[in-house]
Amino acid sequence: MTENYCFRQAEPHEIRAVFDLIMGRVAWMDVVGIRQWNTTKYDQRYPLSYYEERRQKEELFVLTDGVGEILAVGALLHEDERWPEHDSAYYLHHLASRVDAKGAGSVFLQMAEDYTARMGKRYMRLDSAVGNKNLERFYASRGYVEAGSCKDGLYEGILRQKKLMLSLTVR
């Protein structure tokens, strides 16, 4: 499933493409009637400069295809103020895939989980918007369990986590 993809840290020249991909998803949410990033002033809360900061901290990742096109993006944060305790985890934020890249979000999530386990982390943690039933079902089907709630400005979310099988090779 992942043989034609590359999961890696974003490069400096890719920041605009990352931001544009995320804003494309925001516009798509308007079209399909999902109330999430499109109702929370996402571009103001997370402007272009935010993604450059994440890249400099080596927390911004992309999934590319065989020719180097970015299909999906996400940030793996080392800590997250939304979580009451900071266990051995990465915190996934801003997961978005190109609208025309069917399945790329799933591939990104799997490769992010594999990376997290290789780094010796016990959990992958993330959140989803309250009321987004499709996303709730998606994360539940991937083994993510509810672990609380969060609020960030206009955003209200459900904290979710998945316990990972640690890899034998920790970098």
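Strands are DSSP runs of E that span at least two residues and are numbered from the N terminus. In this predicted model, H94 lies in strand β4, and its phi is near 65 degrees, a positive value in a residue other than glycine. With a relative accessibility of 6%, H94 counts as buried, because the cut-off for that class is under 20% relative accessible area. Strand β4 is also the place of L92, which counts as buried at a relative accessibility of 4%.

The surroundings of L92 were examined with residues up to four places away in sequence left out of the count; on that basis L92 touches G74, A75 and L76, together with F108 and L109, and in addition M124, R125 and L126. As for F138, the C-alpha atoms of L92 and F138 are 15 Å apart in space, while the two residues are 46 residues apart in sequence. A positive phi in a residue that is not a glycine is found at E58 as well, where the value is about 60 degrees, and E58 is placed in the loop between α3 and β2 (60-64).

A search for salt bridges across the whole structure returned 14 of them. One of these pairs is formed by the side chains of R45 and D152, with an N to O distance of 2.7 Å. This pair links distant parts of the chain, given that R45 belongs to helix α2 (residues 42-45) and D152 to strand β6 (residues 145-152), at a separation of 107 residues. The two partners fall into separate accessibility classes, R45 being partly exposed with a relative accessible area of 41%, whereas D152 is buried with a relative accessible area of 15%.

A salt bridge is also formed between R82 and D127, whose closest N and O atoms are 2.7 Å apart. R82 lies in the loop between β3 (70-77) and β4 (89-97), and D127 lies in strand β5 (residues 123-129), so this salt bridge ties together parts of the chain that are 45 residues apart in sequence. Both R82 and D127 are buried. R82 further forms a salt bridge with D152, in which the closest N and O atoms are 2.6 Å apart; here the loop between β3 and β4, which holds R82, is linked to strand β6, which holds D152, across 70 residues. Both members of this pair, D152 and R82, are buried. Through salt bridges that share partners, R45, R82, D127 and D152 are joined into one network.

The packing of helices was examined for α1 and α3. Two packed helices are described by the angle between their axes and by the distance between those axes. Helix α1 (residues 15-32) packs with helix α3 (residues 48-56) at an angle of about 125 degrees, and the axes of the two helices are 9 Å apart. At this angle, α1 is oblique to α3, because values from 65 to 115 degrees count as roughly perpendicular and those over 145 as roughly antiparallel. The crossing of α1 and α3 is right-handed. On the α1 side, the residues that take part are I15, R16, V18, F19 and I22, and they meet L48, Y51, E52 and R55 of α3. Sorted by class, the contact of α1 with α3 comprises six nonpolar and three charged residues, with no polar residues.

Key
Residues numbered from 1 in each chain as written. Predicted model: local features only at pLDDT ≥ 70, side-chain atom pairs only at ≥ 80, totals over all residues. Heavy atoms only, no water. Salt bridge = Lys/Arg side-chain N within 4 Å of Asp/Glu carboxyl O. Helix = DSSP H or I, 4+ residues; strand = E, 2+ residues; numbered from the N terminus. Buried < 20%, exposed > 50% of the residue type's maximum accessible area, 1.4 Å probe, protein only. Axes fitted to C-alpha atoms, helices over the stretch in contact; angles between N-to-C directions. Parallel < 35°, antiparallel > 145°, perpendicular 65-115°, else oblique. Left-handed = near helix turned anticlockwise from the far one by under 90°. Contact = heavy atoms within 4.5 Å. Nonpolar A, V, L, I, M, F, W, Y, C, P; charged D, E, K, R; others polar.
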